[in-house]
Amino acid sequence: MQVLKSGRLISTFVLNSLYLLICFVDSSELCRVGKRLGNIERPDWDRYFLDLCEAVSKRATCDRGRAGCVIVKDKRIMTTGYVGAPAGLPHCDDVGHDMHKVINFNDNITQHCVRTLHAEQNAIIQAARFGIPLEGTTLFCKMTPCRTCAMMIINAGIKRVVCEKRYHADADTREMFRQACVELTIVNDEVEKYDEQ
């Protein structure tokens, strides 16, 4: 965008830059303003990426498990994923859940929506689709990955998993991660609750 000023054409960018320079020329004033507003505590890297998982989860299309996943290497985001149906197929939010009863290894019967992929699965698939290697990365997610996601995480070469909470059926995952030397960090040692668990 261009602005006519005193018979000359000056870009808006230049005007804005001059304004900022005039406003903030005295860096000591900036320090005083910062102190008046109080120090805002910076999150550590784990909290930062877990918070990003929450932002990614806003794209999820299944209201039973609005979860997001971020996979990181050297503090750089490699890929993200969220709970949702495969591309081009109907979403739970549009047509409802496709619920199935599943008999678990310990003979417990649980219900699962099989219309969607988990956030971890979608993140790993996105990496594969676009040729992004995941060897030695860290995966951040809402809760302990399920057994299937855990196997994918191990085979993708992911070496660390950081979760906000525990999944109600995470015993297999924890044991597989232990055997495969995948470091597991659970920030809040409580079980994530959701509908029709």
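Start your tour by selecting arginine 47, which is partly exposed, with a relative accessible area of 26%. You are looking at a predicted model, so keep that in mind as you go.

Now add glutamate 164 to the selection. The side chains of arginine 47 and glutamate 164 meet in a salt bridge, at 3.0 Å from N to O. This pair links distant parts of the chain: arginine 47 sits in helix α3 (residues 45–57) and glutamate 164 in strand β8 (residues 160–165), 117 residues apart. Is glutamate 164 buried or exposed? Glutamate 164 counts as buried because its relative accessible area is 18%, and the cut-off for buried is under 20%.

Next, select aspartate 170 and arginine 166. Here is another salt bridge between side chains, again given as 3.0 Å from N to O. Both aspartate 170 and arginine 166 are buried.

Move on to helix α7, residues 171–180, and pick out glutamate 175 and arginine 178. These two residues lie three apart in the helix, about one turn. Their side chains form a salt bridge of 2.6 Å, N to O. How accessible is each partner? Arginine 178 counts as exposed because its relative accessibility is 55%, while glutamate 175, at 32%, is partly exposed.

For a group rather than a pair, select Lys142, Lys165, Glu190 and Glu192: salt bridges that share partners join these residues into one network. In the whole structure, a search finds 13 salt bridges. Side chains of opposite charge can pair when their charged atoms come close.

Time for a hairpin. Select residues 68–73, strand β3, together with residues 76–82, strand β4. The two strands run antiparallel, and six bridges join them. To see one partnership, highlight isoleucine 71, whose bridge partner in β4 is threonine 79. Then go to the turn: two residues lie between the strands, and aspartate 74 takes a positive phi near 50° in this hairpin.

Finally, zoom out and show the protein as a cartoon. How many helices and strands are there? The protein has seven helices and nine strands. It is made up of 197 residues, and 32% of them count as buried. Of the contacts between residues at least 6 apart in sequence, 52% join residues at least 24 apart. Switch on the surface to end the tour: the accessible surface of the protein comes to about 12700 Å², and carbon and sulfur atoms account for 54% of that area.

How values were computed: Residues are numbered from 1 along each chain as its sequence is written. This is a predicted model: local features need pLDDT of at least 70, side-chain atom pairs count only at pLDDT 80 or more; totals for chains, interfaces and linings use all residues. Side-chain values use heavy atoms; hydrogens and water are left out. Two strands pair if DSSP finds at least two bridges between them. Helices (H or I, at least four residues) and strands (E, at least two) are DSSP runs, numbered from the N terminus. A salt bridge is a side-chain nitrogen of Lys or Arg within 4 Å of a carboxyl oxygen of Asp or Glu. Buried means under 20% relative accessible area, exposed over 50%, partly exposed in between (1.4 Å probe, protein chains only). Contact means heavy atoms within 4.5 Å. Accessible areas come from the Shrake-Rupley method with a 1.4 Å probe; for residues, only the protein chains shown count as cover.
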